[in-house]
Amino acid sequence: MNFKEAKNEILQTLGRTDPQDFAKIIDWLKNSDDLDDFLVDNQKAILISIAEDLRPCLPMEAVFPSETMAIQKTQQTSKPTVHVDAFLYDEETVDSLCEEGKMSRNYCLNCGSHRTAPLEFISHSFSVSELRFLFHHVLPELAGRLVVDVGSRLGSVLYGGYLYSAAAQLVGVEISEEFVKLQTMVVEKYGFSDRIQVIHADICSQAALVQNADVLIMNNVFEYFMEPKDQARAWHFISQTFLKKGALLVTVPSIQEALISLQPTNGVSAISHWLEEILLDYSAYLQNDADPDSLKQIHLYRVL
Ligand SMILES: C[S@@+](CC[C@H](N)C(=O)[O-])C[C@H]1O[C@@H](n2cnc3c(N)ncnc32)[C@H](O)[C@@H]1O
């Protein structure tokens, strides 16, 4: 049913409504939470449509052959691990692909036997439900604010921020040109360019942008893509540059976990002098389509 037809149906229904209930039904249409799902679903439908557009542009593991370090790191993990991008492939899509034999959640312990064990999945993007959690529950109202996504990859944070928040500007900085091209294609196709900008650069060359950001988002940015010494250098840059008092930093995993394997961290300011953690009440988030363990990886800090 298109807009005109839906509008006519609603007007006809209102015409048949008992006059004494007329005010009630109008009040319900204007104010009821019952309609929220339709609005949220519309944003989710756009994000799903973007994922559908992007899937054919990438290999199924959503990692380009040029990303040799990410590929090597996955091969070195103690349990067999595969890349499954949570923005491109939600649980339902993974289930359908498994049914079609195009993807597997398990690997064979003894080839040819029925003994199998679950594979570990690594995602390099937030899922749609994580994006909604991030913009509806973790972050405050963002009207007038500048949000910077460090390592914007497929652009999921930028599109999620565009649809789920009123942020004035969402800027993605991505070091891989192949991913910048994909984001640019989506921004143009969906008409997001009034609020989204994508920059092809190493974040360490973007001091002015980082200084001005009200919110900096860092979802597992460096670990799979840089040598430890370069990761330490990049964190040093962030800690010396992202200093606007009251600005917010979102990290996955916690900043302590991100830094622990990088000792010595070449002078990352003592975290307690730079940031305070804002503890999130994960239990207050009642949407049941998100994996609680993945939400708990999301941490929020305020610059002191
Ligand atoms: C795990 S992905 C994050 C994806 C996205 N922010 C999200 O949350 O869905 C990390 C991305 O950071 C990029 N990256 C790594 N080091 C970078 C750097 N120094 N400057 C800019 N981008 C970088 C990688 O190419 C990769 O695409």
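These legends go with close-up views of a predicted model of a protein chain and its ligand.

**View 1. The whole chain sets the scene for the close-ups.**
Here is the fold to keep in mind: the protein chain has 13 helices and 11 strands. Its C-alpha trace spans about 75 × 60 × 35 Å along the principal axes. Of the chain's 304 residues, 43% count as buried.

**View 2. The ligand sits in the second largest pocket.**
Step in and you will find 20 residues surrounding the ligand. Asp149, Gly151, Ser156, Glu174 and Asn219 are the closest of them. By character, the shell around the ligand divides into 10 nonpolar, six polar and four charged residues.

**View 3. A helix and a strand contribute to the shell.**
Helix H7 covers residues 156–164, and strand S6 covers 169–174. Each of these two elements supplies at least two residues of the shell around the ligand.

**View 4. Polar atoms of the protein meet oxygen and nitrogen atoms of the ligand.**
Start with Ser156, where an N or O atom of the side chain lies 2.7 Å from an oxygen atom of the ligand. Arg153 also takes part through its side chain, with a polar atom 3.0 Å from a ligand oxygen. At Ile203 the partner is a polar backbone atom, found 3.0 Å from a nitrogen atom of the ligand. As for cover, the ligand on its own has 610 Å² of accessible area, and the protein covers 99% of that.

Note on methods:
Residues numbered from 1 in each chain as written. Predicted model: local features only at pLDDT ≥ 70, side-chain atom pairs only at ≥ 80, totals over all residues. Heavy atoms only, no water. Near = heavy atom within 4 Å. Polar contact = N/O pair within 3.5 Å; in protein donor to acceptor, adjacent residues only side chain to side chain. Areas by Shrake-Rupley, 256 points an atom, 1.4 Å probe, with all protein chains shown as cover. 1 Å grid on protein atoms, 1.4 Å probe; cavity = no way out; pocket = protein on both sides within 12 Å on 5 of 7 lines; lining within 4 Å. Sits in = over half its atoms within 2 Å of the grid points. Helix = DSSP H or I, 4+ residues; strand = E, 2+ residues; numbered from the N terminus. Nonpolar A, V, L, I, M, F, W, Y, C, P; charged D, E, K, R; others polar. Buried < 20%, exposed > 50% of the residue type's maximum accessible area, 1.4 Å probe, protein only.
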